[in-house]
Every structure is written in C-alpha cells, then in structure tokens.
Amino acid sequence: MEKLGLGLGMDLVWGERIGFEKTGSGRPTDQVAAFLRHNAPAYDYMFVAFQPIDYGPLAPERYFPAYDRLFELFGAERPRAFHHTMLNTGSPERYRRAEIADFTNALIERYGFRWVIEDLGIWSLAGRSLPYPMPPVLTAEGLEHCVTGVADWVGRLRAPLSVEFPGFTEGGSFLVGDLDAFTFYDTVIRETGALATIDIGHILAYQWLTGRTGPRMFEGLDALPLDRCHEVHLSGCQIVDGRFRDLHHGVLLDEQLALLEHLLPQMPNLTGVTYEDPKFTADGQLVPKSRPNAERLFALVRSWKEGGARAA
Amino acid sequence: MPHESPAPVLTPPTRHERILKVLDRLLYDRDFREAFTTDGPASDRLTLDADLVDAFGRVDVHELALVGRNIRSEVVSGGTGTGPGLKGAFPRTLDELRERRGVAVNQVAEQFIASPSFQRFRDVPFSPYGRGTTLPECFHRFMAGRPPALDPLGELEPLVHHEAAAAVVRAVATGAHATFDVTLGHMAFHGGVLCGFRAYDETPEAWLLKPTMFLAGGGRCVIGPARRPLYEALTTFLDGRLDALAPQVRTSLEDRVCAWGLR
C-alpha cells in the first residue's frame with residue numbers, strides 16, 4: 001500500500017458532542033463539522049470507529065446518512081478506513097461472524113475503505129460488552145482461538161484487515177495467561193496474513209505493566225511484527241501513579257513521540273501514522289493543551305513521509 | 001429386554017473453558033473478586049483448580065478492582081450495552097430500596113450482577129449463547145426471585161414490573177428486538193406489536209399504579225392507563241381477528257393504532 005502520511009482517527013459516539021446527532025437520520029454534530037472544515041486538509045486519510053446507534057438491527061443503511069456526511073466533510077474520494085469494534089478479534093470463544101461481515105462489506109463497498117482495523121481484544125464475552133476491551137487470554141488455547149478468528153475475518157472481509165496490538169491497562173483490563181503479549185501478537189499476525197497496527201500507547205502500557213519503564217521502554221520491541229506494520233496510532237495518554245493510561249484525551253506524551261521516532265525506521269511497510277481522537281473546541285480548534293505535542297507529531301510524520309528518518 | 005438409553009457421556013470442561021469460567025466470576029462476582037484480590041489465585045476461598053493458578057498469576061488486582069467498578073457503574077448509570085442503566089429505568093424501585101430498606105444503589109447492583117438473572121443479560125447477539133434479554137427484564141427477574149437482602153417477601157415486584165415493562169417497550173421501540181428476546185410476564189407480540197397489560201390491583205395505594213397498557217411497534221411506544229376489555233379488543237385487532245370485533249370497535253381501534261404510529 002502507498003505511503004499516505006498523517007491520518008485522523010475519530011471515535012464518534014451517537015448523542016455526544018464529539019459524535020453523531022441521534023435526531024433525524026443522523027449526521028456529525030456541528031462541533032465535528034467545524035473541526036473537519038478547519039482541519040481536514042491537514043490529514044491525508046481518516047478513519048471512523050464504529051459505534052452502534054442503538055440495539056436495533058445491524059443494517060448498513062441506518063449508518064449511511066451519518067457516514068455520507070462525515071466523509072463528505074473530510075473530502076470526497078480522499079482515503080478512508082474503518083475502525084471496527086464488533087469483530088471481537090481477541091475473543092476466546094466461538095463468535096458468529098456472517099451478519100457482521102455482511103454489514104462491514106456493505107460499508108466497504110459504499111465508502112471504499114482501504115483497510116479495516118480492530119484491536120486484538122475481547123470486546124464482548126459471553127454476549128456481554130465489556131467497559132473496555134480486555135486483552136486476549138494469553139494461553140496456548142487463547143492463541144489458537146485468536147488465530148482461527150482473525151484468519152476467518154481476513155477471509156470474510158473485502159478489505160485488508162489490520163489487527164491492532166491491544167491495550168493492556170486502560171484503567172480497566174488485566175492479564176490472564178502467561179504468554180508474552182508481543183510474541184502472542186506476532187504469531188497472530190504471521191499465521192493469519194493480517195496487517196499490523198501498532199498503537200504506541202498500547203505498547204507503552206504493556207511495557208509499563210511488565211516493568212520496562214523510562215529508558216527501558218525500548219526493550220523487547222523486536223518481538224513485534226514491525227515489518228508487517230501498516231499503520232501506527234497515537235492517542236492521548238497519561239501516566240497516573242506509575243500506570244500508563246490510554247485515555248484518548250488528545251494530549252500526547254513525550255514518551256509516545258520518542259517511541260514513535262524510534263520505531264519509524266523499523267517499519268518499512270508503514271502506510272500512515274494516525275492521530276486518534278483529537279479533542280477540539282466547539283469552533284473546531286484543537287484544545288490548547290494538546291497542541292504542542294500534536295504539532296511535534298505532525299512534523300515527525302511530515303518528515304517521515306518526505307523520506308527523512310528523523311524530525312526535530 | 002427393555003431398551004435402555006445409554007447414559008450421556010459428560011465431557012469434563014477443558015482448561016480453557018475453566019479459565020473462562022473463572023474470568024467470568026472475576027468480572028461479575030464481587031465476593032469472588034474480593035477474595036482473589038485479598039488472597040490471590042491460590043486462595044482456599046476460591047478453590048481454583050491447581051492447573052489454573054498460573055493462568056491468573058499476572059492479574060493486577062488494582063486493575064481488576066477498576067474493571068469491577070466500571071461494570072457496576074455501567075449497570076447503574078448506563079453505558080455500552082446497558083442502555084439507561086438501573087438508575088434510568090428503575091428510579092422508583094431504587095427509591096423504595098434506599099428510603100424504606102436502607103439499601104444503596106451500588107449494593108443493589110452488586111447483588112444483581114452476581115446473580116444468575118444477570119447472566120441472562122446479553123447485549124451482543126453473536127456469541128454462542130445467542131440473543132439475550134434486556135437489562136431491565138433481567139433486573140425484574142432478579143427482584144421477582146425475592147432476593148433475601150432486598151425484598152424477601154416480593155412486595156416490590158409489581159413496582160419493578162411496571163418500570164421494567166416501560167423500559168422494555170421503550171427499548172423495543174428503538175429496534176431492540178433485533179438483539180433481545182422479550183419474555184417479561186404479561187407481555188406478548190400481537191401482529192408484530194409488543195403488547196402488555198397488568199392491572200396492578202395488588203399494589204399499595206401510595207404507589208399510584210393504575211391498570212396499564214404497554215405497547216411497542218413501528219418505532220413507537222405507548223404506555224398509559226387502560227382497562228382490560230380495551231386491551232383485549234386491541235390485541236384481537238392486532239392479531240387480525242377482525243370478525244371477532246363489532247364494526248364500530250374495529251374502526252375505533254384502527255384509528256387509535258394509526259394515531260399511535262404503531263403500524
């Protein structure tokens with residue numbers, strides 16, 4: 001896939017200010033529209049993360065009005081991707097996929113999504129959504145379930161599936177099983193033919209969890225499938241009481257930028273780097289606290305896109 | 001010689017299945033979670049099989065506590081999959097429990113979440129367990145079971161039913177029948193419209209519960225006072241048994257159903 005550059009990732013919840021209006025047939029809120037009008041040209045591609053409207057049928061036409069308007073605001077025919085939340089790629093149990101695949105493929109056909117992403121997480125267990133996706137069960141049996149499930153999705157979806165390294169301590173997930181998460185993830189990617197998405201905050205969360213903090217955060221990264229990494233995500237994070245929190249509040253940490261800079265030269269097949277879930281004001285401007293490191297990110301990505309290995 | 005069916009062969013659960021069972025209890029059973037947090041996976045109170053202890057050796061108990069709190073928070077206040085939550089759906093029941101019985105909403109929620117009734121709640125219909133039942137309906141089932149610490153005599157059941165029925169028809173009006181089955185007592189589908197009626201004649205005066213009709217269909221819901229004969233005529237009409245109705249009744253019902261937007 002071609003090198004695209006800087007991506008915009010938006011998780012738009014129905015009924016929230018940074019989200020979709022629930023009234024009528026559905027559309028991005030005025031705040032989202034203002035942000036896209038001001039900022040869309042700064043990004044080379046965008047993805048939207050799937051949020052169900054309600055408990056109603058998983059019917060693509062229910063989402064068309066809102067997504068049509070969203071992508072129109074971003075720019076017709078510009079590159080788009082889709083962040084799924086229903087594939088349940090890290091599920092440790094059987095999962096019925098046909099209906100979700102039909103729904104997703106209908107969206108792929110209408111919007112030409114270049115790829116579909118989902119974290120290798122347990123999004124729901126025994127039919128109950130979890131407040132945050134849990135990491136997969138890190139045992140041999142858990143690995144087998146993940147490989148089977150992801151391979152099945154790769155075969156069903158009409159766009160490449162990029163599987164994201166899961167979050168580990170998002171203020172509500174814990175480790176089950178004793179396998180190393182980097183090796184586990186690498187196996188899933190290599191055995192299924194899926195692409196890899198590296199969320200820098202998720203990597204740091206796992207490093208912090210395993211005691212690899214500070215300068216040790218660069219240790220053990222060779223176990224990741226960096227050669228298959230297709231996209232990198234960065235979202236607002238915080239270190240709270242020594243724990244790494246992936247809060248998606250728009251403010252990037254210095255550690256995230258340092259790790260990105262370290263990894264970029266090791267990802268020969270990278271398509272883009274996504275700033276995920278920026279936070280912005282009612283008139284569409286990035287919140288002041290997020291600007292300094294967002295600007296550093298943009299410069300870093302520009303430099304990478306233009307071929308330089310390093311940026312200021 | 002009499003035919004004897006062979007005894008079913010029970011396959012013992014695999015280690016993976018047992019891990020998932022423990023994971024489920026860590027997520028939803030507060031007492032189990034607290035025993036784990038206090039004593040670790042090898043605790044005598046948990047009685048984990050010896051070959052499972054290692055699998056839970058890396059659980060960060062601080063994060064585990066947060067997961068439990070987040071699940072309870074979504075059940076209480078609403079969130080992914082839980083709709084409006086207990087506070088949104090059962091304000092009067094929770095008031096009764098707090099003011100007259102001194103039980104706070106978080107305590108109610110913890111007991112509910114750890115109960116078999118909560119296990120019937122499933123908001124994602126793609127697991128091996130299939131479709132679920134709505135959170136309000138599960139909560140009604142829990143309270144109808146007369147939980148000893150909350151309502152041992154089942155006095156609150158009619159109030160819980162009234163609030164559950166209202167929440168269920170509101171959910172069905174937004175299309176929830178795609179995800180959930182409806183099995184709440186006094187309710188059934190008639191001609192594609194979910195209908196329920198209960199007289200509530202056994203309830204205390206102070207609750208002001210009147211005979212009530214609950215309807216959902218065509219993206220709309222209707223909740224209001226009604227008499228049983230009207231309700232029965234309405235379900236007859238919705239079932240398409242028009243010959244059983246007098247012409248003027250039929251016309252009147254047709255007008256009402258149309259005005260309510262149920263079809």
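**A core in chain B and a strand in chain A**

In this predicted model, B:Val168 touches B:Thr134, B:Pro136, B:Glu137, B:Val182 and B:Leu184, leaving aside residues up to four places away in sequence (contact: C-beta atoms, placed from the backbone, within 7 Å). B:Val168 is also among the residues with the most contacts inside the largest nonpolar core, which has 155 residues; the others named are B:Phe139, B:Val169, B:Val172, B:Leu194 and B:Leu215. Such a core is a set of buried Ala, Val, Leu, Ile, Met, Phe, Trp, Tyr and Cys residues joined through C-beta atoms within 7 Å, and buried means that 20 or more other C-beta atoms lie within 10 Å of a residue's own. Helix H9 (residues 157-173) of chain B gives the most to this core, ten residues. Because domain 1 (80-176) and domain 2 (187-263) of chain B both contribute residues, the core lies between them (bounds from an automatic or database domain assignment).

Turning to chain A, strand S7 (residues 116-119) points A:Val116 and A:Glu118 one way and A:Ile117 and A:Asp119 the other, and all are buried. Helices (H or I, at least four residues) and strands (E, at least two) are DSSP runs, numbered from the N terminus. In a regular strand, side chains alternate between the two faces of the sheet. S7(A) runs parallel to strand S6 (residues 80-83) of chain A, with two bridges, and A:His83 has A:Ile117 as its bridge partner. Four bridges join S7(A) to the parallel strand S10 (residues 161-164) of chain A, where A:Val163 partners A:Glu118.

Residues are numbered from 1 along each chain as its sequence is written. Chains are lettered from A in the order in which they are written, and local features need pLDDT of at least 70, with side-chain atom pairs counted only at pLDDT 80 or more and totals for chains, interfaces and linings using all residues.

How values were computed. A residue is buried if 20 or more other C-beta atoms lie within 10 Å of its own, exposed if 12 or fewer, and partly exposed in between; C-beta atoms are placed from the backbone. Two residues are in contact if their C-beta atoms, placed from the backbone, lie within 7 Å. Two strands pair if DSSP finds at least two bridges between them.
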